Amino acid sequence: MVLVQIGILWPRRGANTVRRMEWNLRTAEQLLVALRAGEVTSVELTEQAITRIEREDEVINAICVPDFDRARAAARSADAARAGGEDRPLLGVPVTVKESYDIAGLPTTWGMPQYRAHVPAEDAVQVSRLRAAGAVLLGKTNVPLGLQDLQSFNEIYGTTNNPWNHARTPGGSSGGSAAALAAGFGALSIGSDIGGSLRTPAHFCGVYAHKPTLGLVAPRGMVAPPGPALPVELDLAVVGPMARTARDLTLLLDVMAGPDPLTLGVAYDLSLPPARHQRLSDFRVLVLDEHPLIPTGAAVRAGVNRVADALVDGGAHVVRHSPLLPDLAEAGTLYLQLLVSGSVARFPIEAYEQLQARAAGLSADDRSLDAARLRGMVFSHRDWMEANSRRELHRHGWRQLFAEFDAVVCPITPTPAFPHDPNPDLLERRIDIDGVEYPFFDQLVWAGLATMPGLPATAVPAGLSPDGLPVGVQLIGPTFEDRTPLRLAELLEPRIGGFQAPQ
């Protein structure tokens, strides 16, 4: 397999050369420099992106709802605005959007066949912010049914394949966005995350993603159909940026971040603190590669160690153990219970009563994750309040830990991208970790490490597995100090390789 690193294709000066160059794998930052210098137009970038999608997406199936006519019109408008002296953060840059975001005039189905005709009349907040920043929206990217899988397939749009190996998943639920970025279908994308849905696809496809601090980025308009787009903050869930470099993540987060203008935005302005450090040698980092609830596969452990070695080589202070770390087993169990309690609350009453009967049959001595999930599915309000109180204790523990450390490095999932698994019963699925099978959803405990307390986490590429698949890790940072893990990701990028494109 031939690999192309993002810097190799930067064009040489000279009009004749520039016009023939391939722009699709450039960073958004590089595209903006070229646009401002007049080396390329938004129309040219958009036409190249559309041509690439039409040529290559038949086998990847990342772009499930193309919007090429409006993209071309937006590109022409961007060029006219720039010619008139305007300059906005993403003016003229082609991007994609996860299918679950409302875009006026396009279907929002969340992969659910009964809503294939659901077409919102208004843009989601983040779509509006992309447009205001001057981005050119190429279309929507594929998702799993109801966003409830670590894969991306549904009856409406079919299966999205991993650009590195079409027999494997790109992850979910933002799998279409990650696959699009890896394949060069737009410079940026936006997704969402409650069970690793930004970070896992980034890990599987070799791109970057950032799960913001809970509450930092307004999610209105990222709502399951046919629900109205209300300014509601869902427990655990966030929306966030995806890109091919850490600096592009920061660029896009600056466009996305901020309160909803209908609620907190009435009274508050956003002022994120700067990164704690600018030099790698100043960072204090805790590195984790073992979890008490699930093993870490050898390929992922090697990726974590590559990052740890890069930190040490850069002069950072690195340790492998700390008594300040909250209990990982309790954190994993608590996360899965909070996760499933929110999902099952919307089940029909008959299904809920069946789960209650199953939970009542559990032995009091059964402390397995399967049992914990089942108990969480039938939480009473009193149960949920108790779990939420335990979460606050964990948040306090993380605050104490981040008084001594600046970031935590750990896996996102225990393995690289796994083969497509179409089994509709998610509870019957298994994940193979170095030849041993484990319940499919047990792998979520690593993603939940940041999600349960609402911490920011940046997914970064950390090389390839022996099978030639991308391996990523996450950099977890302190609450509302999103710029700290993002800056650490930027400093690590030249030391661990960054994005590589499969060809």
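Let me begin with strand β10, residues 284-287, which is joined to β11 by 3 bridges, the two strands running parallel. Within that pairing, Val285 stands opposite Val318 of β11. I should say at once that we are looking at a predicted model, and everything I describe this morning should be heard with that in mind.

On its other pairing, β10 is joined to β12 by 3 bridges, and these two strands also run parallel. Here the residue to pick out is Leu286, which stands opposite Val408 in β12. If we then follow Val408 onward, its bridge partner in β16 is Ile476, and this belongs to a pairing of β12 with β16 that is antiparallel and extends over 4 bridges. As for how well β12 is covered, 5 of its 5 residues are buried.

Those strands are part of a larger arrangement, namely an open sheet of 11 strands with mixed pairing, whose order reads β2-β4-β3-β7-β9-β8-β15-β16-β12-β10-β11. Which strands stand at the edges of this sheet? They are β2, residues 63-66, and β11, residues 317-319, and because each has a single partner strand, one side of each is left without a neighbour in the sheet. From one strand to the next, the twist averages 30°.

Staying with this end of the sheet, helix α9, residues 298-313, lies across β10, β11, β12, β15 and β16. Relative to β16, which spans residues 470-476, the helix runs at about 55°.

Let me now step back to the chain as a whole. Its secondary structure comes to 15 helices and 17 strands. The radius of gyration is 22 Å, close to the 23 Å that the globule rule gives for 503 residues, so the chain is as compact as a globular protein of that length. Taken along the principal axes, the C-alpha atoms fill a box of roughly 75 × 55 × 50 Å. Of the 503 residues, 59% count as buried, and among the contacts with a separation of 6 or more, 75% are between residues 24 or more positions apart. The chain exposes about 19,700 Å², of which carbon and sulfur atoms supply 54%.

Next I would like to turn to the backbone geometry. As general background, most residues other than glycine have a negative phi, and most peptide bonds are trans. In this model, the peptide bond from Gly172 to Ser173 is cis, with omega near 5°, and Ser173 is found in the loop between β6 and α6. The peptide bond from Pro225 to Pro226 is likewise cis, with omega near 0°, and Pro226 has its place in the loop between β8 and β9.

Where do we find positive phi values outside glycine? Trp110 has a positive phi of about 55° although it is not a glycine, and it is found in the loop between β3, residues 94-98, and α5, residues 125-132. Asp434 also has a positive phi, near 50°, and this residue sits in the loop between β13 and β14. Are these two residues buried or exposed? With a relative accessible area of 11%, Trp110 falls under the 20% cut-off and is therefore buried, whereas Asp434, at 55%, lies over the 50% cut-off and so counts as exposed.

I will close with two residues found in helices. His394 is in helix α13, residues 381-401, and at 4% relative accessibility it counts as buried. What does the side chain of His394 join in a polar contact? The partner is the side chain of Glu330, at 2.9 Å. Leaving aside residues up to four places away in sequence, His394 touches Pro326, Asp327, Glu330, Ala331, Leu334 and Met452, so that Glu330 appears both in this list of contacts and as the polar partner.

The other residue is Gln30, which has its place in helix α2, residues 28-37. Its relative accessible area is 19%, which is under the 20% cut-off, and Gln30 therefore counts as buried. Finally, the C-alpha atoms of Gln30 and His203, residues that lie 173 positions apart along the chain, are separated by 23 Å.

Notes:
Residues numbered from 1 in each chain as written. Predicted model: local features only at pLDDT ≥ 70, side-chain atom pairs only at ≥ 80, totals over all residues. Heavy atoms only, no water. Pairing = 2+ DSSP bridges. Axes fitted to C-alpha atoms, helices over the stretch in contact; angles between N-to-C directions. Contact = heavy atoms within 4.5 Å. Rg over C-alpha atoms; globule rule 2.2 N^0.38 Å. Buried < 20%, exposed > 50% of the residue type's maximum accessible area, 1.4 Å probe, protein only. Areas by Shrake-Rupley, 256 points an atom, 1.4 Å probe, with all protein chains shown as cover. Polar contact = N/O pair within 3.5 Å; in protein donor to acceptor, adjacent residues only side chain to side chain.
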